[in-house]
Amino acid sequence: MSGAGASAVAFATSFGNTWPERPKPVGWARLATMPDDLPRAGGPLVAACRLWQIGAERVIAADSAHGACVIGQLTMGFRDSLPADDPTIGAMLEVAYIDAAEVPSLPRLQHGHAGIVYGPLGGLAVEPEAVLVQATAEQAMIRAGGRGPT
């Protein structure tokens, strides 16, 4: 793994210096192979969404064996379809977290990767494919240049 590019590191550093109270920007990237020394998601990670939260603090990777949320496995590109009788999906439908009509159109990654790595943007060992920034509306406008220099 070669490391995050200079622009990603500069963004992470600038964001952290400007708003140290905010969670660190999180980068993620697909991996063709899972290096043995890469920390993996373990235990009962019910939601793949939790990987973003962990990734704000430390590097973590997930493969097709992680977690119990089949929606996460589907969107991460580790599953082709959803089982009809899955209790997690049943609970999501019951509390109206998701509508059954939404499931076929959920965005999903293409198959072909061994895993996905998440981590603080400034310390990610690979070039990120995407970045999650947890910011207020004002912070997002400033970062986007909508309110002058940062």
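Helices here are DSSP runs of H or I with at least four residues, strands are runs of E with at least two, and both are numbered from the N terminus. With that in hand, His 113 can be placed in the loop between α4 and β3. Keep in mind that the whole model is predicted.

**View 1. The chain as a whole, with 5 helices and 4 strands.** Start at the N terminus and walk along: the elements run α-β-α-β-α-α-β-β-α. The chain has 150 residues, and 35% of them count as buried. The next views zoom in on the strands, then on a ring pair and some loops.

**View 2. An open sheet of 4 strands.** In what order do the strands sit in the sheet? Reading across, it goes β2-β3-β1-β4, with antiparallel pairing. A bit of background helps here: strands of a sheet pair through backbone hydrogen bonds, either parallel or antiparallel. β2 (60–63) and β4 (130–132) are the edge strands; each has a single partner strand, so one side of each has no neighbour in the sheet. Neighbouring strands are also turned against each other, by 25° on average if you ignore direction.

**View 3. β3 with its partners β1 and β2.** β1 covers residues 26–31, and 6 bridges tie it to β3 in the antiparallel sense. To trace this pairing, look for Arg 30, whose bridge partner in β3 is Ile 116. Then find Gly 27, which stands opposite Gly 119 of β3. Over at β2, the antiparallel pairing with β3 has 4 bridges. Among the partners there, Ile 60 goes with Tyr 118 of β3, and Ala 61 goes with Val 117 of β3. How many residues of β3 are buried? The count is 6 of 6, so β3 is mostly covered.

**View 4. β1 and the edge strand β4.** These two strands run antiparallel, with 3 bridges joining them. One of the places to look is Val 26, which has Leu 132 of β4 as its bridge partner. β1 is mostly covered too, with 5 of its 6 residues buried.

**View 5. Trp 52 and Tyr 118, an edge-to-face aromatic pair.** The model holds 2 aromatic pairs, and this close-up shows one of them, with ring centres 5.3 Å apart and an angle of 80° between the planes. Why does this pair count as edge-to-face? Because its planes are 80° apart, and the label applies to angles over 60 degrees. The two partners come from distant parts of the chain: Trp 52 belongs to helix α2 (residues 50–55) and Tyr 118 to strand β3 (residues 115–120), 66 residues apart. You met Tyr 118 in View 3 as the bridge partner of Ile 60. Is each ring residue buried or exposed? Tyr 118 has 5% relative accessibility, so it counts as buried. Trp 52 has 22%, so it counts as partly exposed, because the cut-off for buried is under 20%.

**View 6. Asp 86, a cap on the N-terminal end of α4.** Asp 86 sits in the loop between α3 (70–75) and α4 (87–94). What does its side chain do at the helix end? One of its oxygens lies 3.0 Å from the backbone nitrogen of Thr 88, capping α4. Now look for a charged partner. Asp 86 is buried yet has no salt bridge, and the nearest side chain of opposite charge, Arg 79, is 6.4 Å away. Why does Arg 79 not count as a salt-bridge partner? Because a salt bridge needs the nitrogen and the carboxyl oxygen within 4 Å.

**View 7. The loop between α4 and β3, with Ala 96 and His 113.** Just after α4, Ala 96 takes a positive phi of about 60°. Why point that out? Because most residues other than glycine have a negative phi. At 65% relative accessibility, Ala 96 counts as exposed. His 113 lies in this loop as well, but it is buried, with a relative accessible area of 12%. Finally, find Thr 33: in sequence, His 113 and Thr 33 are 80 residues apart, while in space they are 7.2 Å apart, C-alpha to C-alpha.

Definitions and conventions
Residues numbered from 1 in each chain as written. Predicted model: local features only at pLDDT ≥ 70, side-chain atom pairs only at ≥ 80, totals over all residues. Heavy atoms only, no water. Phe/Tyr/Trp six-rings, centres within 6.5 Å; stacked < 30°, edge-to-face > 60°. Buried < 20%, exposed > 50% of the residue type's maximum accessible area, 1.4 Å probe, protein only. Pairing = 2+ DSSP bridges. Axes fitted to C-alpha atoms, helices over the stretch in contact; angles between N-to-C directions. Lys, Arg positive; Asp, Glu negative; His and termini not counted. Polar contact = N/O pair within 3.5 Å; in protein donor to acceptor, adjacent residues only side chain to side chain.
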